[in-house]
Amino acid sequence: MPKSAIITKNGLPILKINNETVLPCGYMSYQIDKADYSGFIACGYKLIFVPVYMGDRGINPMSGIRPFYPGFWVGKDRYDFSVVEENFKKVIADYEPGEIWIIPRVMVEPPSFWEEENPDELCRDFSGKSVHQSYSSDVWFHDTEKAMAALQDFLVKSKIDEYIVGWQIACGWTEEFMRPAIYPMQLTDYSDTSVRAWQRYLKEKYGDVEVLNREWLTSYREFEDISVPSPAERVYHLEEEEHYPMSVAEYNRFRSEETANALISLARSAKRIIGGNRVVGAFYGYAGTKFGHDAIDMVLNSAEVDFLASPFAYDTGRAPGTDWVLQGVLGSTRLNGKLWFTECDVRTHLSRPISIAMPHANPIGNTMYDGPISYGPDSEDVSVDQMKKAFVKTMSMSGGMWWFDMWGGWFKTEKYMDTIKKSLELYQSQSGEKSVAEVAVVYD
């Protein structure tokens, strides 16, 4: 069984696998058949991220995207790992442990049969419509833990575990620990399960309802009388700072803590299941209340979560000549002994939308994945500039990264692979270097 950890070398976080230090630079693709594993491994990349799915639906309910692969959780206490095994074998090929290391991205959203059997455990909007599982559901945690244990048993028995150096836990909207939604501005969680959790949260924080009433300028008789703020209150007051009600501010914190607790609980289970001596991480820590990631302090203080990750922000459409903003708090992550991975999903002149590249998963009647963001620059040279920008931005913040060849085949030219190889060499040459700057600029 491999062992891994995030260690600090010259003030910077880096991966240690067994007795070897490994650069936190990797490769990931959703489409395993079109991925270029051998090309990246030949360039010196050892770290491979591989998608694994529990459920039977796509990663984004609003888009209607269909599953990339069948999920392995097929019935109550029943699991089928045939597709998981097939995919791992394609990635591993003839490589030995040490030539490559694997971190599976385990998407833990439950299958549709589970939702049908557990209606009281589902997240709901104000109208009562369900949107996957509630993050307040203990039943979901328990059943997901069993599914994770079954996955680990399979990995050990199949000897795939000899390549595994950790897990990335994925959940929610596009695997990024954001609450799923079916339509824009759909706000959740108004389920009974979550409302009770919200009331417990307030009781634990304030102790006495009269203390809360004095803070909130309200007149509740007991905590059980307090409902979740309406969608109108939650949306309208985001722009009305002067009249921001305590109930909404408090609920935003609760919502973020529920998300953080979900991540920490799942990471704790995953770390125990895979032996307690391998890294576990997730997409988390995006700045902005709309993401529900504002309890970053809880995650940074947790021993269960070793690394965080995010793609670059999409605000500018990733246009050439614009800055690509990193979405998280990389400095704070580093100060807490954790590693931040940037998902470098750089579009190139070879990029194509899912309708062309992966038609079996293409949404029906929705063009969310067919817009301009699905295509890269027309020019190979401009695409290389985009790749350099993404890599240098990541390296300048002392973070890790993986090249995300989303639908496969985005980087299959000599010029792209030369850039990818030189990036790794540059990372190696700069690893551990400290800043020589004499002036600090603080911008708030």
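A cavity is here a set of grid points where a 1.4 Å probe fits but cannot get out. In the predicted model examined here, a search of the whole structure for such spaces returns four cavities of 30 Å³ or more. The largest cavity has a volume of about 70 Å³. Its lining is formed by Y53, M54, G55, D56, R57, G58 and I59, together with M107, E109, P110 and H132. Classified by residue type, this lining comprises five nonpolar, three polar and three charged residues.

The second largest cavity encloses about 50 Å³ of space. The residues that line the second largest cavity are P51, V52, Y53, Y69, P70, F72, V83, V84 and N87. Strand β5 (47–53) and helix α2 (82–92) are the elements that give two or more residues to this lining. In composition, the lining of the second largest cavity divides into eight nonpolar residues, one polar residue and no charged residue. Y53 appears in the lining of the largest cavity and also in that of the second largest cavity.

Open spaces were examined as well. The largest pocket has a volume of about 1,500 Å³. It is lined by 46 residues, of which W173, E176, M178, K290 and F291 are the closest to its centre. Helices α7 (231–236) and α8 (246–273) each contribute at least two residues to the lining of the largest pocket. By class, the lining of this pocket consists of 28 nonpolar, eight polar and 10 charged residues.

The packing of the interior was then considered. The largest nonpolar core contains 122 residues, and those with the most contacts inside this core are F68, I102, L151, W167, W403 and W407. Apart from this core lies another, of 15 residues, including Y190, V195, A197 and V228. Within the largest core, F68 is one of the residues with the most contacts. When residues up to four places away in sequence are not counted, F68 touches Y30, Y53, I59, I354, M358, H360, A361 and W407. Two of these contact partners, Y53 and I59, also belong to the lining of the largest cavity. W407, another partner of F68, is itself among the residues with the most contacts inside the largest core.

The strands β1, β2 and β3 form the next part of the description. Strand β1 (residues 4–9) and strand β2 run antiparallel and are joined by six bridges. In this pairing, S4 stands opposite I17 of β2. Strand β2 (residues 12–17) is mostly covered, with five of its six residues buried. Strand β2 is also joined to strand β3 (residues 20–22), by three bridges and again in an antiparallel arrangement. Here L15 has V22 of β3 as its bridge partner. The hairpin of β2 and β3 has two residues between the strands, and N18 takes a positive phi near 55° in this hairpin.

S4 also provides a link to a distant part of the sequence. The C-alpha atoms of S4 and G276 are separated by 9.8 Å, although the two residues lie 272 residues apart along the chain. G276 is located in the loop between α8 and β12 (279–283). The relative accessibility of G276 is 47%; G276 therefore counts as partly exposed, a class that lies between the limits of under 20% for buried and over 50% for exposed residues. Helix α8, which precedes this loop, is one of the elements that supply at least two residues to the lining of the largest pocket.

Methods
Residues numbered from 1 in each chain as written. Predicted model: local features only at pLDDT ≥ 70, side-chain atom pairs only at ≥ 80, totals over all residues. Heavy atoms only, no water. 1 Å grid on protein atoms, 1.4 Å probe; cavity = no way out; pocket = protein on both sides within 12 Å on 5 of 7 lines; lining within 4 Å. Points joined across faces, edges and corners; volume = space filled by probe spheres on them. Helix = DSSP H or I, 4+ residues; strand = E, 2+ residues; numbered from the N terminus. Nonpolar A, V, L, I, M, F, W, Y, C, P; charged D, E, K, R; others polar. Core = buried A, V, L, I, M, F, W, Y, C linked by side-chain atoms within 4.5 Å. Buried < 20%, exposed > 50% of the residue type's maximum accessible area, 1.4 Å probe, protein only. Contact = heavy atoms within 4.5 Å. Pairing = 2+ DSSP bridges.
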